[in-house]
Amino acid sequence: MKQAAGHAGEPVVCSVRGLVKTYAAARGRRGRPADQEIRASDRIDLDVHRGEIFGLLGPNGAGKTTLVRQLTGLLRPDAGSVELLGHDLVRYPDRAARLVGYLGQQSSALDELTVALAAETTGRLRGLGLREARAERDAVLDELGLTALAGRPLKKLSGGQRRLACFAATLVGDRPLLVLDEPTTGMDPVARRAVWAAVDRRRAERGATVLLVTHNVIEAETVLDRVAVLERGRIIACDTPAGLKELVADEVRLDLVWRDAPPLDVPEVAALRDIAAETGRRWSLRLGHAEARAAVAAVTGGPAFAALDDFTLATPSLEDVYLALGGRAEGLVKG
Amino acid sequence: MSAVSAEAVSGKVRERGAVRPRPVGGEPAPLAPRARLLPALSAVYRAQLSRARVARIPLLFVATFQSVGIMILMRGVVDGGDEARAVVAGSSVLVVAFVALNLLAQYFGQLRASGGLDHYATLPVPPAAVVLGAAGAYASFTVPGTAVTAIVGSVLFKLPLAHLWVLAGVIPLAGAALAGLGAALGLLAPRQELATLLGQLGMSAALLLGVLPASHMPAPIALARDLLPSTYGVEAFARSFDTHPDWLRVAADLGVCAGVGVVSLAVATWAYRRAAVR
């Protein structure tokens, strides 16, 4: 896919300045102390250019969904500004529905409809006439390979198929900006490819812009032009995936999987343990190039090798960037 | 830190607001048209009606069986006259209360709790279209059950079938009043379980206050009966069993239903707006 260099000169479609949203603290009840108030958006600044596929990456609870809900007029910010295609959304939240195609995480409004009726009804509620809505419905279902499932109710479909049907409904009734909250959750590779092909087509043909929420680092690396990394309501980095990875370019990632107990009697292995992130029998290490070579030599020779089940040496991923920036490890998905 | 530029990451943070966004072509982009009220209403209505095929048919049977069962039970206690009319009319309108009030309150409560309202809130659709479309569909679901109950009851208690056409007024108007109430309860209840509870209570009230003969009720309960909108649907239908029905009073009763319907649907529309944007 094209990189951000192609979009930097494009006009700004979505501009966010100083966005703050705080959720009130839940009151304490018997036996339970009061929760702290949660700052779900903490002074967020963001510019998305026309034609970009812009991602929000972060673990659950980082504030991704809260942010997109403010960009779609569903939630009012406490402070700050949101400008979408020249419209002030804080003052006129109703306009979001006429600018944005939004795919939320929930499908309960459509679950009991057939795939075809879900798409057609959504199109009609986006202001299309009956004939237009039906024509677009047929085109989108065909484009996404859903025609065979058109007569089935969403709740009878698998999770991935249901997600694809909701994505189809999002596409009926053209919008210049698509906001997709984890669109490919549960999808098989074929469905994922259909989603990204449909997104690319709209970008190439109509200059559509896409704002994507994801916690999948592999997806983020492959489809996004630029990515903002969120942690506890704040954007801790924002660049192209390649640009972000340069932050940790002097490091490599070494994963070691031990057969049983790690051979701690080998001094080199014992030294590695101090800097390893352990998950069961797996150790993950971020090392400089020379250190990594030494570590590989140590574990692939002598008694340590007998205890080793598997090892991988890889260039850093966005997950490593995220960790290097001080993010919490859990919550991001690979693959 | 700012996401405005990549430089922010490497430490060269620009002053916030220094980069002014350039809107497309300098002008705000044109807005897509809104969905107009009637087409949107008919789209919601059609979609809701289709849900009946998937989800609601068993419950529609339950509503009808419940009412027919109550009439069979009451036959041992009531033998003709005013009381029989009240039982048949009350049982018929009970179907409307079960579906339009109870099930619609549950539906909106569940939709709100699960985040399903977001779907409608991010489409340019008038709130009234969503509420009226759903309320209309639920009122329509009651037609077969109410008709079956009225016919079975009339035969069971040997009442005249001549004026059953009055149901054509009773179902939509009592349906509007009760569906409006159900939608408002479902959308206003702070929790889903509370929406279910309120819907059930409303239906129980319609059952007890509508089916039991009013003449034996103590004053406070009689007052509660007068406050319940379904009562006026019951009264209108009960009057139509007279040999020479007082059509003026039937019309007045249905007028109350219509009035309550307008108010409750307006409240439900307001509640929807409130629930959709937080």
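Select Leu19(A) and Ile44(A): Ile44(A), in strand 2 of chain A, is the bridge partner of Leu19(A). Strands here are DSSP runs of E with at least two residues, helices are runs of H or I with at least four, and both are numbered from the N terminus. You are looking at a predicted model, where local features need pLDDT of at least 70, side-chain atom pairs count only at pLDDT 80 or more, and totals for chains, interfaces and linings use all residues. Residues are numbered from 1 along each chain as its sequence is written, while chains are lettered from A and ligands numbered from 1 in the order in which they are written.

**The sheet**

Now show strand 1 and strand 2 of chain A whole. Eight bridges join them, and they run antiparallel. Two strands count as paired if DSSP finds at least two bridges between them. Strands of a sheet pair through backbone hydrogen bonds.

Add residues 79-84 of chain A, which are strand 4. This strand runs antiparallel to strand 1 (residues 12-23), with five bridges between them. Pick Val16(A) to find one: its bridge partner in strand 4 is Val82(A).

Next, select residues 87-88 of chain A, strand 5. Two bridges tie strand 5 to strand 4, again antiparallel. Leu84(A) has His87(A) as its bridge partner. Stop at the hairpin of these strands, which has two residues between them. There, Leu85(A) takes a positive phi near 50 degrees.

Which order do the four strands take? The open sheet in chain A reads 2-1-4-5. Its edges are strand 2 (38-49) and strand 5, each pairing on one side only.

**The helix across it**

Select residues 64-71 of chain A, helix 1. Helix 1 lies across strand 1, strand 2 and strand 4, at about 60 degrees to strand 2. (Axes are lines fitted to C-alpha atoms, for helices over the stretch in contact; angles run from 0 to 180 degrees between N-to-C directions. Contact means C-beta atoms, placed from the backbone, within 7 Å.)

Is helix 1 mostly covered or uncovered? Seven of its eight residues are buried, among them Leu67(A) and Val68(A). Buried means 20 or more other C-beta atoms within 10 Å of the residue's own. After the helix comes Gly73(A), with a positive phi near 75 degrees.

**The whole chain**

Zoom out. Chain A holds 11 helices and 14 strands. Of its 335 residues, 50% count as buried. Colour by pLDDT, the predictor's confidence in each residue from 0 to 100. The mean for chain A is 88. Finish at residues 1-5 of chain A, where pLDDT is below 50. Where pLDDT is low, the predicted coordinates should not be read in detail.

Notes: Two residues are in contact if their C-beta atoms, placed from the backbone, lie within 7 Å. A residue is buried if 20 or more other C-beta atoms lie within 10 Å of its own, exposed if 12 or fewer, and partly exposed in between; C-beta atoms are placed from the backbone.
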